[in-house]
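Here are some short exercises on how a chain packs against itself. Have the structure open and try each task before reading its solution.

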Amino acid sequence: MQEDFENPVIKALFERHSVRKFQDKPVDQEILRTIVEAGLRAPSSGGTQPTTLLVSTSKDMNLKLGRLSCDLYDEGLYPVSKAQPSIADDPTLKDGFYGAPVVVHCFTPRGYSYAPFDASMAAANMMIAAWSLGVGSCFVSRAQRLFEVDWARDFARENGIPDDYEGSFHLVMGYASDNAWSPKPLYPGRLHWC
C-alpha cells in the first residue's frame, strides 16, 4: 500500500502511537479544547451522543487516580513497548496515568449497549486530533472499575457526572518527553478481501 503522507489526516493515522512519557508541562488550553471537542464530535450510535467527558488538569488528582488505576491492574505482565513502557511491561511503575498532565475520563450511560463503541469512537477522534496537534496520548482502560471505588465516584459526582453514568476509558495526554518509539509490525492475517 502506498503511504500517502502528503495528506495530513492519513499522516496522523499512520504515525500516531501511544505516548507514556510526558513533559511536566501543561497542554495549551486552546489545543486541549480542540482535542476534546473532536471527541464530542465523534460518530455515535443513532446520533445519540452518549459520551460525557471529564477533563482533569489537576496534577494531584491525576496522580491519585493514576495510582488507583495502577492498583486495579491485574492483567499480568507482557511486552507492550520498550521505548514507552506500560504498567504491563514494568511492575515498578506506580502511576497508571504515567504522569500525564491531562487525563480525560469518558463516561457513558450505565447499561447502554452501544456505550463501548461510542466511547471508542470518541477516544479515536481525540487521539488522532491530539497527534495532529503535537500532543501525545495513551488510551487507558479500567475506567469502569476505577469509578466504582467510592472516593473516585465522589470525585466524578462532584464534577457533574450523574450516578447513572459509568466510566468507559481514560485518555492520558501531554507533550512527549522524548521521541523514543518502537513500532510493532502489523500482525499478519488481519486483512481479508472478497
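**Exercise 1: Around one leucine**

Find the residues that leucine 146 touches, leaving out those up to four places away in sequence.

*Solution.* Keep in mind that this is a predicted model. Start with the leucines: Leu146 touches Leu65, Leu68 and Leu72. Then add Ser69, Phe97, Ala152 and His170, which complete the set.

**Exercise 2: From one residue to the cores**

Work out which elements give two or more residues to the largest nonpolar core.

*Solution.* Begin with the core itself: this largest nonpolar core has 25 residues, and Leu146 is among those with the most contacts inside it, along with Phe97, Phe107, Phe147 and Val172. Next, list the contributors: helix 3 (59-72) and helix 6 (150-158) take part, as do strand 2 (102-109), strand 3 (136-140) and strand 4 (165-174). Helix 3 gives the most, with 4 residues. Finally, look for a second, separate core; it has 18 residues, including Val27, Leu53, Met126 and Tyr175.

**Exercise 3: A helix pair**

Decide how helix 2 runs relative to helix 4: roughly parallel or roughly antiparallel?

*Solution.* First, take the axes of helix 2 (residues 29-40) and helix 4 (residues 115-132): they come within 7 Å and cross at roughly 150 degrees. Angles over 145 degrees count as roughly antiparallel, so helix 2 is roughly antiparallel to helix 4. The crossing of the two helices is right-handed.

Now look at the contact. From helix 2, Ile35, Val36, Ala38 and Gly39 meet Ala122, Asn125, Met126, Ala129 and Ala130 of helix 4. Sorted by class, this contact has 7 nonpolar residues, 2 polar ones and no charged ones.

Methods. Residues are numbered from 1 along each chain as its sequence is written. This is a predicted model: local features need pLDDT of at least 70, side-chain atom pairs count only at pLDDT 80 or more; totals for chains, interfaces and linings use all residues. Side-chain values use heavy atoms; hydrogens and water are left out. A nonpolar core is a set of buried Ala, Val, Leu, Ile, Met, Phe, Trp, Tyr and Cys residues joined through side-chain atoms within 4.5 Å. Buried means under 20% relative accessible area, exposed over 50%, partly exposed in between (1.4 Å probe, protein chains only). Contact means heavy atoms within 4.5 Å. Axes are lines fitted to C-alpha atoms, for helices over the stretch in contact, and angles run from 0 to 180 degrees between N-to-C directions. Angles under 35 degrees count as roughly parallel, over 145 as roughly antiparallel, 65 to 115 as roughly perpendicular and the rest as oblique. A crossing is left-handed if the near helix is turned anticlockwise from the far one by less than a right angle, and right-handed if clockwise. Ala, Val, Leu, Ile, Met, Phe, Trp, Tyr, Cys and Pro count as nonpolar, Asp, Glu, Lys and Arg as charged, and the others, Gly among them, as polar.
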